[in-house]
Structure formats: structure tokens, C-alpha cells
Amino acid sequence: MAVLTGAFPLATETNASLDSYIPLVWGEKVNEFYRNALVAAPFFTDRSSEVSGGGDTLYTPNTTEFTANAKTSGVVVTLNSNSDTKQTLSISNWFESSFAIEDAEAAQVKRSYTIMERYAKNVSYAIAKKLDTAICQMFQQFTNAVGSSTNNLGDSDIRAAFAYIETNGGDSTEGAFFVTPNVFWLQIQKIDRFALAINSPGNNPAMKRPNGYLYGQPVYITQQITTTTTPSGGLSNAFALPDAVHWAGAPLGAGGSKAGAMVGSMGVRVQSNYIPEYLSTVTTADILFGVCLNRNVAGVLIKTTATAV
């Protein structure tokens, strides 16, 4: 075997010269996109069972408080005669998300990627997100509001939200906060009352994640919080009771001509159909739902800046 001496030779093999032998490998891992937490629909009141037999409008009567009147001997009683109103839940929002994969592509896609299953979960999420966002949009219609679109959430705002609920006769122990990640991490965790270990026994902020509770009530962190309209640019967070917002999903069903469909949580239907004319499988997720503000005093709009100041 010859021993090379002197400078290392320049004519070594390179990536280009070995290109025919170097494979391009598609790995086993797939990077799924990050999905936002969908927390509003499970918390607020689901009326779907009441339209399981059909219907596009759901009415809820509103009773009003009676008046107590002084009684005088020998004089007839004073009758209460209230004009009650109703809340209307219209089920008219129909959304779909679909994709199609033809046979040739289906045969060639790497099996381990389970592309049909992955895409089916994707369209299902897109549909469920529509419902969650529609519920969060109701927060701006609450009668009472605290905070400012240009300021951080303050402890006084949190306490004022409790006061509003209880002043209106609501049970604040049933309530929950809905805020964005920025509000929770950059604003609430700046409030010493909730962040300092001395004020949060067993919850040292330097050692563990802060508890998602404010004065004992749960905090749901969600990206579905919408921006304020007056003024624009802030966030419409909320403290609310389950009865503040009602929603219902219509029974799209999975039988008859829709055989093979699956109806999951929140009324999201997923179905796949093979179309022979196109040698293609079409998969669709859809939902037919309605959302209404049921009690405008059962929630408090909490305005904050979008980031932190």
C-alpha cells in the first residue's frame, strides 16, 4: 500500500461526485402544526340535545322578577303582570373543510405518514375552531366591562369582575376566566398577589408552573380571544358563567345517504366518499351550529392590551 506524502491530494471524492450513491431520505417523523387549545365550547352551555329532533331556532324564555307590594286589610292584592321576553338561538352557521386524494397519489405516499388520517384530523380541527371562535366573539356583547385596551390586566380589574357577577345575582364560584397566553404570562404573572411564592403557598414561580386560578376560579388560556372593536387593538378577555353563552350543533347525522360518516365532539361530522369518476377519495368535515348571548350580565368583558406595558 502506497503511503502519501506531502500535501493532502485535491482530487478527493465529494458530495457531487458521490451524488448517485447518497440517498435523499424522508424520515418517519411528521411535524404537525401546533393546534390552539379549544376550551370555550366545553365550558359554556351546550343545547344540542334539544334540537336532536330537528329545528333551526331554539327559544329560551326570560322570566322577570316579581314585585312585593304592601297589603292593606280589606283591599285586594296587587297583581304582578310582567311582559317576559325570550332569547333566540339561531342554528344557521354551516362550515366545511375538505380535501381529496386521487388513487395514484394515495398509492405513492409513504404509508407510515398515514396521510388520510392526519388530514382528517386537520379538517376536523379547522371546523371545531370555528365554533370556539364564535363563542369567544360573544364576550364583547357582555353588559359589564372592566380594564382598558391599552393597559395590562390589574388585580382591581379581576376583583371588579367578581363584583359585577355577584351584584347581578350570579354565582361567581361557577365562573372561569378566558385570557390569551400573553395576558396570562406577561400580565397576570406580573401581579405579585398571584406570582410571589410568599402569596402562593406551594407554588414557587421559580420551581413550577403557576396555577391557572384567580381567587380560586379556573383560568382558560386560549388564542381564540378576539380583539376589541372600541377602541381597536386590545383584547376581549372575559370572566363568565356557563349560562352566559349558549350554543347548539344541529344533528347532521351519519345514517342514510350519509352512511359512513362519524359525528364527534361538538357536533363535528367527518365523512369520506370514494368518487369513481375521478378515482379519488373526498374527505369532508362540517358543522351546522348556532351561538347566542343568553345572559349578558352573566359575563364580564375584560379589556387588556394585546401584549404588555
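Begin by selecting glutamate 50, which at 45% relative accessibility counts as partly exposed. Before going further, keep in mind that everything on screen belongs to a predicted model. From glutamate 50, move to arginine 47, with which it forms a salt bridge whose closest N and O atoms are 2.4 Å apart. Arginine 47 counts as buried, because its relative accessibility of 10% falls under the 20% limit, so this salt bridge joins a buried residue to a partly exposed one.

**The whole chain**

Now zoom out and colour by secondary structure, where the protein shows 6 helices and 15 strands. Of its 309 residues, 36% count as buried, and the protein as a whole exposes about 18,500 Å², of which carbon and sulfur atoms supply 55%. If you draw a contact map, consider the contacts with a separation of 6 or more: residues 24 or more positions apart account for 78% of them.

**Further salt bridges**

The count of salt bridges in the protein comes to 9, and several of them repay a closer look. Select lysine 110 together with glutamate 28, whose closest N and O atoms lie 2.9 Å apart in a salt bridge. Lysine 110 sits in the loop between α2 (103–108) and α3 (115–137), while glutamate 28 belongs to the segment before α1, so the pair ties together parts that are 82 residues apart in sequence. With a relative accessibility of 31%, lysine 110 counts as partly exposed.

Next, select arginine 193 and aspartate 155, which form a salt bridge with the closest N and O atoms 3.1 Å apart. Here the partners come from two helices, arginine 193 from α6 (residues 192–195) and aspartate 155 from α4 (residues 155–167), so the pair ties together parts that are 38 residues apart in sequence. Is arginine 193 buried or partly exposed? At 46% relative accessibility, arginine 193 counts as partly exposed, whereas aspartate 155, at 13%, counts as buried.

To finish with the charged side chains, select Glu32, Arg35 and Arg118 as a group, since these residues are linked in a network of salt bridges.

**Three buried residues and their surroundings**

Turn now to phenylalanine 99, which is found in strand β4 (residues 93–102) and is buried, with a relative accessible area of 12%. Which residues is phenylalanine 99 in contact with, once its neighbours within four places in sequence are left aside? They are Met116, Tyr119, Ala120, Val123, Thr281, Val282 and Thr283. It is also worth drawing a distance from phenylalanine 99 to alanine 285: the two are 186 residues apart in sequence, yet their C-alpha atoms are 9.3 Å apart in space.

The second stop is leucine 241, in the loop between β10 (232–240) and β11 (245–249), which counts as buried at 7% relative accessibility. Leaving out residues up to four places away in sequence, leucine 241 touches Phe43, Phe44, Ile165, Gly170, Asp171, Ser172, Glu174, Gly175 and Ala298. For one of these partners, phenylalanine 44, the separation is 197 residues in sequence and 7.5 Å in space, C-alpha to C-alpha.

The third is threonine 180, which lies in the loop between β6 (176–179) and α5 (181–187) and, at 6% relative accessibility, counts as buried. Its contacts, again without the neighbours within four places in sequence, are with Ile221, Thr222, Gln223, Ile225, Leu235 and Asn237.

**The largest pocket**

Switch to a surface display and look for the largest pocket, which holds about 360 Å³ of space. Of the 17 residues that line this pocket, Asn62, Asp243, Asn294, Arg295 and Val297 are the closest to its centre, and selecting them will bring it into view. The largest share of the lining, 3 residues, comes from strand β2 (residues 57–62).

**A nonpolar patch on the surface**

Keep the surface on for the last stop, and select Leu18, Tyr21 and Ile22, which form a nonpolar patch with about 320 Å² of accessible area together. Within this patch, isoleucine 22 lies in the segment before α1 (40–43). Isoleucine 22 is partly exposed, with a relative accessible area of 39%, and because a patch residue must have over 30%, this value meets that requirement.

Note on methods
Residues are numbered from 1 along each chain as its sequence is written. This is a predicted model: local features need pLDDT of at least 70, side-chain atom pairs count only at pLDDT 80 or more; totals for chains, interfaces and linings use all residues. Side-chain values use heavy atoms; hydrogens and water are left out. Patches are made of residues with over 30% relative accessible area and no salt bridge: like charges are joined within 9 Å, nonpolar side chains (Val, Leu, Ile, Met, Phe, Trp, Tyr) within 5 Å. Accessible areas come from the Shrake-Rupley method with a 1.4 Å probe; for residues, only the protein chains shown count as cover. A salt bridge is a side-chain nitrogen of Lys or Arg within 4 Å of a carboxyl oxygen of Asp or Glu. Helices (H or I, at least four residues) and strands (E, at least two) are DSSP runs, numbered from the N terminus. Buried means under 20% relative accessible area, exposed over 50%, partly exposed in between (1.4 Å probe, protein chains only). Contact means heavy atoms within 4.5 Å. On a 1 Å grid over the protein atoms alone, a cavity is a set of points where a 1.4 Å probe fits but cannot get out, and a pocket is an open set with protein on both sides within 12 Å along at least five of seven lines; lining residues have an atom within 4 Å of a point. Grid points are joined across faces, edges and corners, and a volume is the space filled by probe spheres set on the points.
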